[in-house]
Amino acid sequence: MNTNWVNALHQLNQQGEAYVLVTLVGVSGSTPRNSGTKMVITADNIYDTIGGGHLEHKTIAHAHKMLASGEETQQLEHFQLGTHLGQCCGGTASVLFEYFAASTVNIMLFGAGHVGKALVKILSALPCKVHWVDSREQEFPAAGEMKNYHNVNQVMSEFPCDEIAAMPANSYYIVMTHNHQLDFELCQSVLARQDFRYLGLIASDTKWRRFQQRFKHREIDQQQVARMNCPIGLSAVPGKTPMEVAVSIAAEVIGLYHQKNQENIEQQSSGAKAEKAPAAKKASSQQGVHWKELKQLLLVEDDKDNS
């Protein structure tokens, strides 16, 4: 409750966590807080306040229902602050609920070397969740620096391959450890899942050819091997310094998840067109709060006050 809602938005967006932004868009009579007051609600936390009391309790409950639905939408609710809510203020409050979905970009980065450190600095500022894996605890940044990476989970593991099983489908995997044999085993484990969105390997031409031969000898599905990104990163972003390589890799990942987002939008649009007219009309009415609806509601409340 002590965290300012502005700071909470910054942190939650970096973490890629779902949240509901609550705003008092219209108040009349006696109310705990003024119009424009905001708070942020997640599944586990509450940031800031719109005044407390039963109004806030009902607001939190409604936000949790939206979070449980998983549907990115806006809703406008109207509350009487009288006996119905058990508050003696006697005023009214119109509350706008804006749901922001969690990030679906899950990245597992193997390797805390120079390029890994540079890449994490970029990924920590993107709307994604990063699991940073290495067996060498001393290679990770100090705890003070890690606190700045709100969306990065540091994983010190003696058996990095075992961490892959915990990742959801369509995850992004970036392999750049200090050990070629470990790189091969990691790639082999990801390829066996066959549900990755991206698998990038940092390697020389010689290393990549050897890996391809070994994959073939292990009878690993060659169609899955063909999906790998090696050399890793965008060829249009040259350079060999750690930060230049990191920028190239990050650009490739950004391009892929934006492409995926566009595909999802197009699929949703196609699905909506396929629905019957009444169903489509109902769905469109739930996509947001039209300004005319909000204006009319606030005008009605003004009339009540003047009367």
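# A walk through a predicted model

Gln-194 is found in the loop between helix 5 (180-193) and strand 10 (198-201). The model is predicted, and this loop is a good place to start reading it. Phi of Gln-194 is near 65 degrees, a positive value in a residue other than glycine. Why note the sign? Most residues other than glycine have a negative phi. Gln-194 is partly exposed, because its relative accessibility of 44% falls between the 20% and 50% limits.

Another loop shows a similar feature. Asn-170 sits between strand 8 and strand 9 (172-175). Its phi is also positive, near 65 degrees, and Asn-170 is not a glycine. Asn-170 counts as partly exposed too, at 42% relative accessibility.

Next comes an unusual peptide bond. Most peptide bonds are trans. The one from Cys-230 to Pro-231 is cis, with omega near 5 degrees. Where does Pro-231 lie? Look in the loop between helix 7 (222-226) and helix 8.

Now turn to the strands. Strand 6 (residues 106-110) runs parallel to strand 7 (residues 129-134), and five bridges pair them. One bridge is easy to find: Met-108 has His-131 of strand 7 as its partner. How does the chain get from strand 6 to strand 7? The path goes through helix 3 (residues 114-123), giving a right-handed β-α-β crossover. Strand 7 also pairs with strand 8 (residues 152-156), again in the parallel sense and over five bridges. Here Asp-134 stands opposite Met-156 of strand 8. So strand 7 has strand 6 as one partner and strand 8 as another. As you follow a strand, keep one general point in mind. In a regular strand the side chains alternate between the two faces of the sheet.

The aromatic rings come next. The model has six aromatic pairs. One of them joins Tyr-19 and Phe-100, with ring centres 5.0 Å apart and planes at 20 degrees. This pair is stacked because an angle under 30 degrees counts as stacked. The two residues come from distant parts of the chain, 81 residues apart. Tyr-19 belongs to strand 1 (residues 19-28), and Phe-100 to strand 5 (residues 92-100). Are these two residues buried or partly exposed? Tyr-19 is buried, with a relative accessible area of 5%. Phe-100 is partly exposed, at 30%. The cut-off for buried is under 20%, so Tyr-19 meets it and Phe-100 does not.

Elsewhere, ring pairs link Phe-184, Phe-211 and Phe-215 into a cluster. A charge joins the picture at Phe-184. The charged end of Arg-214 sits over the ring of Phe-184, 3.8 Å from its centre. Phe-196 has a charge over its face as well: Arg-227 lies there, 3.9 Å from the ring centre.

Finally, look for empty space. Rolling a probe the size of a water molecule over the atoms shows where such space is left. The second largest pocket has a volume of about 440 Å³. How many residues line the second largest pocket? There are 25, and the closest to its centre are Ile-202, Ala-203, Ile-232, Val-245 and Ile-249. Helix 3 and helix 8 (242-274) each supply at least two residues of this lining. Helix 3 has appeared before, in the crossover from strand 6 to strand 7. Helix 8 is familiar too, as one end of the loop that holds Pro-231.

Note on methods: Residues are numbered from 1 along each chain as its sequence is written. This is a predicted model: local features need pLDDT of at least 70, side-chain atom pairs count only at pLDDT 80 or more; totals for chains, interfaces and linings use all residues. Side-chain values use heavy atoms; hydrogens and water are left out. Rings of Phe, Tyr and Trp (its six-membered ring) pair if their centres lie within 6.5 Å; planes under 30 degrees apart count as stacked, over 60 as edge-to-face and the rest as tilted. Helices (H or I, at least four residues) and strands (E, at least two) are DSSP runs, numbered from the N terminus. Buried means under 20% relative accessible area, exposed over 50%, partly exposed in between (1.4 Å probe, protein chains only). A charge sits over a ring if NZ of Lys or CZ of Arg is within 6 Å of the ring centre and within 35 degrees of the ring normal. Two strands pair if DSSP finds at least two bridges between them. A crossover is right-handed if, with the strands pointing away from the viewer, the path from the first strand over the helix to the second runs clockwise. On a 1 Å grid over the protein atoms alone, a cavity is a set of points where a 1.4 Å probe fits but cannot get out, and a pocket is an open set with protein on both sides within 12 Å along at least five of seven lines; lining residues have an atom within 4 Å of a point. Grid points are joined across faces, edges and corners, and a volume is the space filled by probe spheres set on the points.
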